[in-house]
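User: I am new to this structure. Please take a close look at the surroundings of the ligand. Then carry on to the sheets and helices.

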Amino acid sequence: MSQVEVLKEVQSFTEEPKKMLINNEWVAASSGETFPVYNPATGAILAQVASGNEQDINMAVSAARKAFTGNDWHSMTPSNRGKLIWRLGDLIEQNLDELAQLESLDNGKPFSVARVADVPLAADLFRYMAGWATKIEGSTIPISTPNTAKSKHFAYTLREPVGVVGQIIPWNFPLLMAAWKLGPALATGCTIVLKPAEQTPLTALRLGELIVEAGFPAGVVNIVTGYGEAAGAPLAAHPDVDKIAFTGSTEVGKKIIDAAKGNLKKVTLELGGKSPNIIFGDANIKYATSAAANAIFFNHGQCCCAGSRLYIEKDIFEQVAEGVAARAKKIRLGAGMNQDTQMGPLVSDEQLNRVCSYLKSGLSEGAEALAGGKRHGEQGYFVEPTVLVKTKADMKVVQEEIFGPVVVAMPFDDMEEITSVANDTIYGLAAGIWTQDVSKAHRLAARIKAGTVWVNCYNVFDAAMPFGGYKQSGWGREMGEEALKLYTEVKSVCVQI
Ligand code: ADP
């Protein structure tokens, strides 16, 4: 398809108010209300979207329950379930350009990035999970009850789908986060109510169309759009939801735990981070410097695992900090759909204000900006890629998640010091280590309290590699076999034979 044809498709997709997907039907919100979705590069309204509330969540949950207990999904063979999930991966790939454009317009990220990262990774995730549908196995357990002529026991476990799952996702990787959530739930045979972020619901809705096109039975995937308090909160609290899976801020994650208490539904959470990226003097400095810039500036710093605390061994501190700053200054900012854009706007006015207030706080407390330090331009939600130095460990910019293109760079002396400062955070999502000394790398990797440690690389993701947090970065893991386990209940069956 030509660029113009794709653009036309995207325009026609956003022209009419967007409806929600419940029971394989596209419906308006029960209140009749819609909310605006903005293009963050201009602040202009991109689309109107159905504003779901508790009533819509109730309808979606009952559709999901009916699909879970009904025959179509339950009796589908694992092989056929796997085929459907694989087909969804194919459909995503076939609609690569359109999905990448929608993502770029809605979220602000460069089209070129969405095209090589977000969309293909979403397709990959579904294909990886498709393979698992036929491999959800229990085990046989050799138990030690008396083995006599009259009595012997045979024990085994079954892994069963947990049931109806509520999934609440953020705006930083809208399509990919939907895939991370839906993939393992579908592979294990759960049914789902998905609530995309209010800032970026468009690719999830397009994915809903592809889900229907792939042939998933009615009610298996329901997508309710709406605000967090209005639609997310009733989903987290719903008494007929068996599990809630959430990705977003640590603050809202704690609210999810409270809301989930009523029926003790299972909870998994992928939350914030303030990840240390550690460069030793014996690293490949040129490569590590450029990678440290990518570790923070990729996706405009709007990654929960962004390398936002850059620790540099004292001898090379100035060289590396200046190097990252030089790269920051060269980054071309612009609308995601402009061909030469390297960094787009932040997702919303709210995020712009939040990031700028962190910048003000850091600079007023004595930090110095080697690059950036303020808003870029007057239109859209752009922030200059920023490198802060001369920070202190207790400053807000060092302790709190900024979720923008802002890195704090700090020197360190030795292994003992860096182990302690790297772990001096309430978070534990990810870390980076740069050294050519293999022993040092493994020793430090073992001592860092984080769910992912990258050595001589950063932001490497794969559908097979579990991702998630220690400490206040969350509960449970996304992707890989670990994620599947969290969508199942284990049943022990003990038979006297
Ligand atoms: P951010 O701060 O990055 O916008 P949030 O944690 O606020 O991230 O939002 C992530 C997701 O959580 C979004 O889909 C949002 O609508 C939803 N959400 C926000 N508040 C609540 C809430 N009280 N209950 C359930 N979901 C919520």
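Analyst: A residue is near a molecule if one of its heavy atoms lies within 4 Å of it. Bear in mind that this is a predicted model.

How many residues surround the ligand? There are 18. The closest are Ile169, Trp171, Lys195, Glu198 and Ser249. Start with Ile169. A polar backbone atom of Ile169 sits 2.8 Å from an oxygen atom of the ligand. Gly228 also offers a backbone N or O atom, 3.3 Å from a ligand oxygen. With Ala233, the ligand atom is a nitrogen: a backbone N or O atom of Ala233 lies 3.4 Å from it.

Now turn to the sheets. Strands of a sheet pair through backbone hydrogen bonds, either parallel or antiparallel.

One open sheet has seven strands, with mixed pairing. Read across, the order is β14-β15-β16-β13-β12-β17-β18. Strands β14 (368-371) and β18 (452-455) stand at the edges. Each has a single partner strand, so one side of each is left without a neighbour in the sheet. From one strand to the next, the twist averages 25°.

Within this sheet, take β13 (residues 309-313) and β16 (residues 406-412). They run parallel and share five bridges. Arg309, for instance, has Val408 in β16 as its bridge partner. Helix α15 (residues 415-422) packs on the sheet. Helix α15 touches β12 (276-279), β13 and β16. The direction of α15 makes about 175° with that of β13.

Another open sheet has three strands, in the order β5-β6-β20. Here the pairing is antiparallel. Strands β5 (140-141) and β20 (488-496) form the edges, each pairing on one side only. Two bridges join β5 to β6 (residues 153-161). Thr140 stands opposite Tyr156 in β6.

Last comes helix α6 (residues 111-132). Why is a span of 32 Å expected for α6? The helix has 22 residues, and at 1.5 Å a residue they should span 32 Å. The end C-alpha atoms of α6 are 31 Å apart, which agrees. Yet α6 also has a kink of about 25°, centred on Pro120.

Technical notes:
Residues are numbered from 1 along each chain as its sequence is written. This is a predicted model: local features need pLDDT of at least 70, side-chain atom pairs count only at pLDDT 80 or more; totals for chains, interfaces and linings use all residues. Side-chain values use heavy atoms; hydrogens and water are left out. Two strands pair if DSSP finds at least two bridges between them. Helices (H or I, at least four residues) and strands (E, at least two) are DSSP runs, numbered from the N terminus. Axes are lines fitted to C-alpha atoms, for helices over the stretch in contact, and angles run from 0 to 180 degrees between N-to-C directions. Contact means heavy atoms within 4.5 Å. The expected span of a helix is 1.5 Å times one less than its number of residues. The bend at a residue is the angle between axes fitted to the seven residues ending there and the seven starting there. A polar contact is a pair of N or O atoms within 3.5 Å; within protein, one must be able to donate a hydrogen and the other to accept it, and residues adjacent in sequence count only if both atoms are side-chain atoms.
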